[in-house]
Amino acid sequence: MLGVMSDFRSDTVTRPTPGMRAAMARAPVGDDVYGEDPSVNELESRAAAMLGFEAAVFASSGTQSNLIALLAQCERGDEAIVGQQWHTYRWEGGGMAVLGSIQPQPLEHAADATIPLDSIEAAIKPDDAHFARSRLIALENTTGGTVLPIDYLESVRQLAARRGLVTHLDGARLFNAATALVPQRASNARHAAREICSHFDTVSVCLSKGLGAPVGSLLLGSAETIRRARRWRKMLGGGMRQAGFLAGAGLYALDHHIDRLADDHRRAKTLAQGINQIGVLHDGALRAKAPQTNIVFVEIDPRIATGFDAWLRSKEIRVNTRSNYGGPAVQRWVTHLDLDDGDIERALSVIEGFFSA
Ligand SMILES: *Cc1c(COP(=O)(O)O)cnc(C)c1O
């Protein structure tokens with residue numbers, strides 16, 4: 001519990017821990033545009049080895065690493081198949097179209113957040129001068145905190161291989177997805193992450209979300225793809241010089257902040273259960289969806305939504321709320337490194353306080 005304020009808006013709000021700041025200060029640096037920053041080089045090679053790729057490139061943000069993945073693998077006039085709600089399509093300013101002349105083909109999601117295989121299959125265009133060239137399938141994992149099943153990833157990879165397409169994963173929260181697969185699929189999150197990655201040609205991973213680094217994302221792929229991505233990164237203004245200070249934070253995160261994601265997931269469950277207990281006592285005014293990772297969505301009775309939001313704000317609890325087009329308002333509560341068990345307890349007692357006030 002840092003100060004009084006509990007910020008549940010996103011796992012991007014974390015600040016570097018004292019240990020991470022010390023690692024940043026110690027990090028050896030050089031000019032990364034010359035390929036001479038030892039910390040960036042170490043971060044790229046360690047991440048690639050951990051996740052089973054030939055190479056990696058350090059990018060300034062998740063948006064940038066997704067964009068350079070698409071630019072490195074698609075030509076002008078190619079098409080990328082994406083999810084209607086996914087970041088690469090909906091939340092990145094249309095970058096692939098604006099900067100890559102890549103046509104997005106968005107598809108609707110099923111209730112489990114997957115895109116049905118038959119819709120992917122049906123969206124792939126025949127080789128015909130009328131159509132854009134279907135080139136790439138992009139998935140997102142986790143997506144809204146939901147983990148895509150490994151069997152599904154494998155089926156998409158097989159479909160892509162059969163139809164001659166390449167695959168990209170927006171793995172901004174890859175290690176949250178991996179953590180949710182422990183211990184059923186793998187003995188630890190690193191192994192699970194590697195298994196997820198084995199189904200993709202390229203994967204982007206954010207260091208600045210649950211892993212708690214201040215800045216940075218990695219794109220992983222073959223040596224040849226990463227060489228092309230590096231060129232695009234430079235063109236986009238993402239060639240950073242003594243970036244080793246940031247890579248030092250990333251290295252520290254890989255060493256110290258992967259296993260602890262399980263704590264965030266446990267706290268998200270506690271929060272969701274507590275919210276539901278309070279909701280049941282008050283006519284179902286609050287309904288939390290059981291979280292798979294660190295993101296809890298809560299439906300709020302529209303009659304109390306405005307007051308409830310103001311109450312939380314007045315008690316220094318911050319969440320993201322959106323109105324759901326006339327349906328219940330939905331709040332997103334995200335657990336992370338800067339929130340401990342005390343923040344969860346306090347949030348639940350503040351929520352309870354709203355109903356007894
Ligand atoms: C946050 C996020 C991104 C973008 O990362 P930035 O560093 O904010 O640009 C991409 N994809 C997903 C799924 C994300 O959650």
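## Notebook: a ligand, a pocket and two cavities

I began with the ligand and found that it sits in the largest pocket. A reminder to myself: this is a predicted model.

**Entry 1: the pocket**

I looked up the volume of the largest pocket, which comes to about 1400 Å³. Its lining is made of 45 residues. I then asked which of them lie nearest the centre of the pocket. They are Gln85, Trp91, Gly144, Phe297 and Arg322.

Next I went through the elements. Strand β10 (295–300) is among those that supply at least two residues of this lining, and β10 gives the largest share, with four residues. I also noted α3, α4 (87–90), β7, β12 (320–322) and β13 (329–334) as suppliers of at least two residues each. By class, I wrote down 12 nonpolar, 21 polar and 12 charged residues for the pocket lining.

**Entry 2: around the ligand**

Which residues surround the ligand? I listed Ser61, Gly62, Thr63, Asn66, His87, Glu92, Glu140, Asp170, Ala172, Arg173, Cys206 and Lys209. Sorted by class, this shell has two nonpolar, five polar and five charged residues. Helix α3 (residues 62–73) gives the most to the shell, with three residues.

I then checked some polar atoms:

- In the side chain of Asp170, an N or O atom is 2.5 Å from a nitrogen atom of the ligand.
- Lys209 has a polar side-chain atom 2.6 Å from a ligand oxygen atom.
- For Arg173, the distance from a polar side-chain atom to an oxygen atom of the ligand is 3.2 Å.

How much of the ligand does the protein cover? On its own the ligand has 380 Å² of accessible area, and the protein covers 83% of that.

**Entry 3: the cavities**

Rolling a probe the size of a water molecule over the atoms shows where empty space is left. I searched the whole structure and found two cavities of 30 Å³ or more.

The largest cavity holds about 40 Å³ of space. I read its lining as Ala172, Arg173, Leu174, Phe175, Asn176, Val205, Cys206, Lys209, Gly210, Leu211 and Leu261. Two elements, α8 (174–180) and β7 (202–206), give two or more residues to this lining, and α8 gives the most, with three. The classes here are seven nonpolar, two polar and two charged. I was pleased to meet some familiar names: Ala172, Arg173, Cys206 and Lys209 line this cavity and also belong to the ligand's surroundings.

The second largest cavity has about 30 Å³ of space. What lines it? I noted Ala47, Leu51, Phe175, Val205, Leu207, Leu218, Leu220 and Leu254. Both α2 (38–51) and β8 (217–221) supply at least two of these residues. The lining counts eight nonpolar residues, no polar and no charged ones. Phe175 and Val205 appear here as well as in the lining of the largest cavity.

**Entry 4: backbone oddities**

Most residues other than glycine have a negative phi, and most peptide bonds are trans. I went looking for exceptions.

- From Asn141 to Thr142 the peptide bond is cis, with omega near -5°. Thr142 belongs to the loop between β5 (133–140) and α7 (150–163).
- From Val182 to Pro183 the peptide bond is also cis, with omega near 5°. I placed Pro183 in the loop between α8 and α9 (189–197).
- Ala113 is not a glycine, yet it has a positive phi of about 80°. I found Ala113 in the loop between β4 (103–107) and α6 (117–123).

Methods. Residues are numbered from 1 along each chain as its sequence is written. This is a predicted model: local features need pLDDT of at least 70, side-chain atom pairs count only at pLDDT 80 or more; totals for chains, interfaces and linings use all residues. Side-chain values use heavy atoms; hydrogens and water are left out. A residue is near a molecule or strand if one of its heavy atoms lies within 4 Å of it. A polar contact is a pair of N or O atoms within 3.5 Å; within protein, one must be able to donate a hydrogen and the other to accept it, and residues adjacent in sequence count only if both atoms are side-chain atoms. Accessible areas come from the Shrake-Rupley method with a 1.4 Å probe; for residues, only the protein chains shown count as cover. On a 1 Å grid over the protein atoms alone, a cavity is a set of points where a 1.4 Å probe fits but cannot get out, and a pocket is an open set with protein on both sides within 12 Å along at least five of seven lines; lining residues have an atom within 4 Å of a point. A molecule sits in a cavity or pocket if more than half of its atoms lie within 2 Å of its grid points. Ala, Val, Leu, Ile, Met, Phe, Trp, Tyr, Cys and Pro count as nonpolar, Asp, Glu, Lys and Arg as charged, and the others, Gly among them, as polar. Grid points are joined across faces, edges and corners, and a volume is the space filled by probe spheres set on the points.
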